[in-house]
Amino acid sequence: KDKGRDLAAVEALTLSLDYSVFFDRMRISPDSRKTDMGQEGDAMPLGIQQNNNFAQIIVDIWNDKVFYQEQEFPAGFMAASILNISEDDLKELIQAGGAPTFLFPVVIQGSDVEAARVLPVLRERMIYLTKEIWKYPPFCYSNPEKELRRIDILFDDNALSKIRTPNSEFQQEFLIFCAAITRIPMAILHFIAAGRFFELDYLRRLKKRNETYFAMAAHDCFSSKEFWDELRELQSWDRDIEPFSVYPELTSTYVFARSPKNEKEMVFVERVYFLRLTDFYTYDLMNGLHHGHAPSQCQGCGRYFLTTNGHTPKYCDGVAPQDNRYTCRQYGAMKHQKEQNKQHPVYRLFNTRTDTIRKHHWRGKISDELRQEALCLAGNYRDKALMNNDYAADGYARDMELEHIYAEAEKRLK
């Protein structure tokens, strides 16, 4: 067998690497614990000194809050947010993650000429993949410059000899980085499939939204044959790369930090380490369910959002795609009111005025431009009255007088 030709074997080795050596090296050693969070001097805020990167995710857990890179999130937020990747963006992410897997084995065991030719291409692919990954949680909440600097070091043309030195520390770092970053797209794909199935077929049907009902839904979903049949079909060709699991692997310890509620007090905080991104998402989902938080899909815009109370959700607080002047919740309330209360005084007056405006246009009393502007104004007044009870009681009828509508419409047309 020619040296440098067994690329499949190198790829298999790389994708099955044990991260523990690299993980332990990044952990705070016993001799340096005096510089850990709150060990000496002033207490540190939550989420500091986490050393997050592509090879490990570290979060601080305190009550129903998750702290990542000194930022606070409700438990379950990351798991709900990642479900919002569009199908096109997900496809692009997976393609970006797949390309490097065929290149870095060439750099390791290809010929000198092949390795020198492929390394610059691989570096550009890694930079592109990094920027794609940094669009999505949790990575979008940290600075990508650290990982981009690592790429500059690990994929520098002058480092090629160190990359190709068998069993060297530099080669180990290179392979671990390649394995870690190329696993991320598949981790996101597998969790999205599991999370959307869970939300659609189980969470959406719940009559109550609390920990007890969430626990029953999780048990039923993750024990169902339909769920695992769908996941196995999705993972059939890459079963060993970030498969979804109900039982996330993690390590944890306790640190102490400044209380988020009172800076003069200190609290114990659980610091949790994940070596697989799927484990982090699954843990965040389960931790959120434990605290009564769960993902839900907005019936207005279709985006997933996190619910943190027992109310049955329908709409999120994002901008309504139908009308950017309102949130989905506001627009949904207006739509519901329109459908359920067609005899509402606001609508009765609106319908009367708009019918008259249309008749005036049909009879040639007003121009088409004035008709359009008048109808738009009437709609604005109606919406304002629906959202503001004080205006509906005192002001709406006055603004809906035909003389006023026509006068304001003509001002807009000038």
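Here are some friendly notes on this structure, from the overall build down to a few individual residues.

1. **The model as a whole.** Please keep in mind while reading that this is a predicted model. The protein has 414 residues, and 48% of them count as buried. Its secondary structure comprises 18 helices and seven strands. If you take the contacts between residues at least 6 apart in sequence, 63% of them join residues at least 24 apart.

2. **The main nonpolar core.** In soluble globular proteins, nonpolar side chains tend to be buried together. Here the largest nonpolar core has 81 residues, and Phe155, Phe174 and Ile188 are the ones that touch the most other members. Helix H9, which covers residues 169-201, makes the biggest contribution to this core with 18 residues.

3. **Phe155 up close.** This residue is a nice place to start when you look at the core on screen. Setting aside neighbours within four places in sequence, Phe155 is in contact with Leu119, Leu122, Arg123 and Met126, and also with Phe174, Phe177 and Cys178. Another core lies apart from the largest one; it has 20 residues, including Ile357, Ala374, Ala385 and Tyr391.

4. **Met78, a residue worth a look.** Met78 sits in helix H3. Is Met78 buried or exposed? Met78 counts as buried because its relative accessibility is 2%, and the cut-off for buried is under 20%. Leaving out residues up to four places away in sequence, Met78 touches Tyr68, Phe73, Pro137, Pro138, Tyr141, Phe280, Tyr281 and Asp284. One of these partners, Phe280, is 202 residues away from Met78 in sequence, yet the C-alpha to C-alpha separation is 9.1 Å.

5. **The E6-E7 hairpin.** Strand E6 (residues 294-297) and strand E7 (residues 304-307) run antiparallel and are joined by four bridges. Within this pairing, Pro295 stands opposite Leu306 in E7. Six residues lie between the two strands of the hairpin, and in that turn Gly302 has a positive phi of about 85°.

6. **The largest pocket.** Strand E7 comes up again here. The volume of the largest pocket is about 520 Å³. The pocket is lined by 24 residues, with Phe305, Pro313, Tyr315, Cys316 and Arg329 the closest to its centre. Which elements give two or more residues to the lining of the largest pocket? They are helix H3 (77-81), strand E7 and helix H13 (328-340). Of these, H13 supplies the largest share, five residues. By class, the lining divides into 10 nonpolar, nine polar and five charged residues.

7. **The cavity.** Rolling a probe the size of a water molecule over the atoms shows where empty space is left. How many cavities of 30 Å³ or more does a search of the whole structure find? The search finds one. The largest cavity holds about 90 Å³ of space. Its lining has 14 residues, and those nearest the centre are Phe54, Glu242, Leu275, Arg276 and Leu277. Helix H9 gives the largest share of this lining, three residues, and H9 is also the helix that gives the most to the largest nonpolar core. The cavity lining is made up of 10 nonpolar, one polar and three charged residues.

Note on methods. Residues numbered from 1 in each chain as written. Predicted model: local features only at pLDDT ≥ 70, side-chain atom pairs only at ≥ 80, totals over all residues. Heavy atoms only, no water. Pairing = 2+ DSSP bridges. 1 Å grid on protein atoms, 1.4 Å probe; cavity = no way out; pocket = protein on both sides within 12 Å on 5 of 7 lines; lining within 4 Å. Points joined across faces, edges and corners; volume = space filled by probe spheres on them. Nonpolar A, V, L, I, M, F, W, Y, C, P; charged D, E, K, R; others polar. Core = buried A, V, L, I, M, F, W, Y, C linked by side-chain atoms within 4.5 Å. Buried < 20%, exposed > 50% of the residue type's maximum accessible area, 1.4 Å probe, protein only. Contact = heavy atoms within 4.5 Å.
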